[in-house]
Amino acid sequence: MIASNIKHLRTLKKYSQEALANDLGITRSRIGSYEEGRSEPAIAMLIKFSDYFKLPIDILVRTDLSKTKDNSFLNIGQNRILFPMIVDLEDDDLIEVVPVKASAGYLNGYDDPEYIDQLQNIKLPFLPTGKHRAFPIKGDSMLPLKDGSFVVGKFIEDLQDLQDGRTYVLLTASQGMVYKRVYNQIKENNSILLVSDNKKYAPYLVHAEDILELWEFTCCINTQEYDAHELQISSIISMFNELGVELKALEKMIQ
């Protein structure tokens, strides 16, 4: 994928071949040969591209970046990225859905591009700007949402940006994926206080360094009205898509 990826990343930055070549200290014709597939970058050159675009080499070589439309890739930890947006053929934003059966493996696969790539995508035209993902909720700690409901969250890059009293999906190294109401106590004890809406569950602290990902609540589907056989991943996809269509139609009516 290196040829198409170099061209795509250069285009996202709105750079000419000459401008990119000048930044990297090579000739324009060399950039052209890479983009046209007439030659392949040596290891030293791949390292230059990796440093320049702030992307791991394996992502540059193995992942089709043409699905992304934003050049502000998010750096998360060591040599890991989260693609801000994936688009379909109509240039509409898509989000990934983590199915119930795959949620247990999310802790191991959240930083694996191949795991994320195999997740099904949905289109929700009413979402605000940002990177979104849909997560299944387990248990009854956040009533009225019940076990199996889905929450769509917007990715939050900096823990300092979380807002007290709002709900978030958190991925933690020690507990995996949880959905809670949060309160920022980083200044006091470098921790986040997690509170359940169901009062029979006691609040608890999670150390900031234990938090791997943070997703702010955007919308949800409460599945309590559906039978178990209706909650296959294909049905969930349809529910979200129908929700998007209905809200888009409502928006047009209001306008």
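By how much of a helical turn are Phe49 and Phe53 separated in helix α4? The two residues stand 4 apart in this helix, which means a separation of about one helical turn. The model is a predicted one, in which local features need pLDDT of at least 70 and side-chain atom pairs count only at pLDDT 80 or more, while totals for chains, interfaces and linings use all residues. Residues are numbered from 1 along each chain as its sequence is written, and side-chain values use heavy atoms, leaving out hydrogens and water.

Helices (H or I, at least four residues) and strands (E, at least two) are DSSP runs, numbered from the N terminus. Rings of Phe, Tyr and Trp (its six-membered ring) pair if their centres lie within 6.5 Å; planes under 30 degrees apart count as stacked, over 60 as edge-to-face and the rest as tilted. By this rule there are 7 aromatic pairs. One of them joins Tyr34 to Phe49 in an edge-to-face arrangement, with 5.9 Å from centre to centre and 75° between the planes. Because Tyr34 belongs to helix α3 (residues 28–35) and Phe49 to helix α4 (residues 43–53), this pair ties together parts that are 15 residues apart in sequence. The rings of Phe49 and Phe53, with centres 6.3 Å apart and planes at 10°, are therefore stacked. Ring pairs link Tyr34, Phe49, Tyr52 and Phe53 into a cluster.

Within this cluster, Tyr34 and Phe49 are both buried, a term for under 20% relative accessible area, as against exposed for over 50% and partly exposed in between (1.4 Å probe, protein chains only). Phe49 has a relative accessibility of 0%, and Phe53, at 8%, is also buried.

A second site centres on Glu216, in strand β12 (residues 211–221). With 12% relative accessibility, Glu216 counts as buried. Its side chain makes a polar contact of 2.8 Å with that of Arg166; such a contact is a pair of N or O atoms within 3.5 Å, where, within protein, one must be able to donate a hydrogen and the other to accept it, and residues adjacent in sequence count only if both atoms are side-chain atoms. Beyond its neighbours within four places in sequence, Glu216 is in contact (heavy atoms within 4.5 Å) with residues including Val152, Lys154, Gln163 and Tyr168.

Gly105 lies in the loop between α6 (100–103) and α7 (106–109). Gly105 is partly exposed, at 27% relative accessible area. Its C-alpha is 9.1 Å from that of Gly176, although 71 residues separate the two in sequence.
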